[in-house]
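This report is meant for a reader who meets the structure for the first time. It moves from the chain as a whole to its core, its aromatic rings and its loops.

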Amino acid sequence: MAHRTTAPTTTAADFGLLLIRLTFGLLMAAHGAQKVFGLFEGQGLTVTGKGFAALGYRPGELFAVIGGMSELLGGLGLALGLLTPLAAAALIGVMINAMVTVTGAHGLWETDGGVEYNVCIAVVALAVAAIGPGRLAADRPFRWGKGGWKEAAFALGLGGIAAAITLTL
């Protein structure tokens, strides 16, 4: 009698991860597109660049491009489950910068202008890197598509290093 193996079926967890990735990733991508391209009622690069300059980033427009494109590409990467640890690192780095320069002085709660929202974004991105993007992802055939400690450490480490470099410039 031959032993028959079947491919694993897609589970509710796979669809749950897809839902998180699509919702979270596409909203982050749209947020970045607001900054860089002025889409979705965003202010666009000129106004966003002035805001970055007011925070001490010089030149403001360059850092607005870096921040906005990190959100746009990081969000798209998470939505697609493509280069997931790198996408998570991009979002973590931007959120660390936001916490240090904007929200950190206002405490925890978003209603007071605090870090609550930024922490949630960074933690979701880190969690997806740790768990992996699931079976319904472009990363599925690759080693990093399964998540794990190395992928989470990569995302947190690279995001932290990028934020530290940006904050020292």
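## Charges and overall form

The chain carries 10 positive and 9 negative charges, and the mean positions of these two groups lie 14 Å apart. The model is a predicted one, and the values below are computed from its atoms. Computed along its principal axes, the C-alpha trace of the chain spans about 75 × 30 × 30 Å. The chain contains six helices and zero strands, which gives the pattern α-α-α-α-α-α when the elements are read along the sequence.

Of the 169 residues in the chain, 39% are buried. The area that the chain exposes is about 9500 Å², and 72% of this area is supplied by carbon and sulfur atoms. Among the contacts between residues at least 6 apart in sequence, 61% join residues that are at least 24 apart.

## The nonpolar core

Which residues touch the most other members of the largest nonpolar core? In this core of 17 residues, they are Phe 24, Met 28, Leu 78, Leu 91, Met 95 and Ala 125. Two or more residues of the core come from each of the helices α1 (12-37), α4 (84-103) and α5 (116-131), and α4 gives the most, with seven residues.

Met 28 can serve as an example of these core members. When residues up to four places away in sequence are not counted, Met 28 touches Glu 71, Leu 72, Gly 75, Leu 91, Met 95 and Ile 121. Two of these partners, Leu 91 and Met 95, also belong to the group that touches the most other core members.

Thr 23 is likewise found in helix α1. With a relative accessible area of 43%, Thr 23 is partly exposed, because this value falls between the limits of 20% and 50%. The C-alpha atom of Thr 23 is separated by 15 Å from that of Ala 13, and the two residues are 10 residues apart along the chain.

## Aromatic pairs and a buried threonine

A search of the whole structure finds three aromatic pairs. In one of them, the ring centres of Tyr 57 and Phe 63 are 5.4 Å apart and the planes stand at 40°, so this pair is tilted. Phe 142 and Trp 144 form a pair that is stacked, with 4.8 Å from centre to centre and 5° between the planes. Phe 52 joins Tyr 57 and Phe 63 in one aromatic cluster.

Are the residues of the tilted pair buried or exposed? Tyr 57 counts as buried at 8% relative accessibility, and Phe 63 counts as buried at 8% as well, because buried means under 20%. In the stacked pair, Phe 142 counts as partly exposed at 37% relative accessibility, and Trp 144 counts as partly exposed at 31%.

The residues of the tilted pair also meet a residue from helix α6. Thr 166 is found in this helix, which covers residues 149-168, and its neighbours within four places in sequence aside, Thr 166 is in contact with Tyr 57, Phe 63 and Asn 97. With a relative accessible area of 19%, Thr 166 is buried, because the limit is under 20%.

## Backbone features in the loops

Where does Pro 59 lie? Pro 59 lies in the loop between α2 (44-54) and α3 (60-80), and a cis peptide bond, with omega about -10°, joins Arg 58 and Pro 59.

The loop between α1 and α2 holds Phe 40 and Glu 41. The phi angle of Phe 40 has a positive value in a residue other than glycine, and that of Glu 41 is also positive in a residue other than glycine. The table sets out their angles and accessibilities.

| Residue | Phi | Relative accessibility | Class |
|---|---|---|---|
| Phe 40 | near 55° | 54% | exposed |
| Glu 41 | near 65° | 82% | exposed |

Both Phe 40 and Glu 41 count as exposed, because exposed means over 50% relative accessible area.

How values were computed: Residues are numbered from 1 along each chain as its sequence is written. This is a predicted model: local features need pLDDT of at least 70, side-chain atom pairs count only at pLDDT 80 or more; totals for chains, interfaces and linings use all residues. Side-chain values use heavy atoms; hydrogens and water are left out. A nonpolar core is a set of buried Ala, Val, Leu, Ile, Met, Phe, Trp, Tyr and Cys residues joined through side-chain atoms within 4.5 Å. Buried means under 20% relative accessible area, exposed over 50%, partly exposed in between (1.4 Å probe, protein chains only). Helices (H or I, at least four residues) and strands (E, at least two) are DSSP runs, numbered from the N terminus. Contact means heavy atoms within 4.5 Å. Accessible areas come from the Shrake-Rupley method with a 1.4 Å probe; for residues, only the protein chains shown count as cover. Lys and Arg count as positive and Asp and Glu as negative; His and the chain ends are not counted. The place of a charge is taken as NZ of Lys, CZ of Arg, CG of Asp or CD of Glu. Rings of Phe, Tyr and Trp (its six-membered ring) pair if their centres lie within 6.5 Å; planes under 30 degrees apart count as stacked, over 60 as edge-to-face and the rest as tilted.
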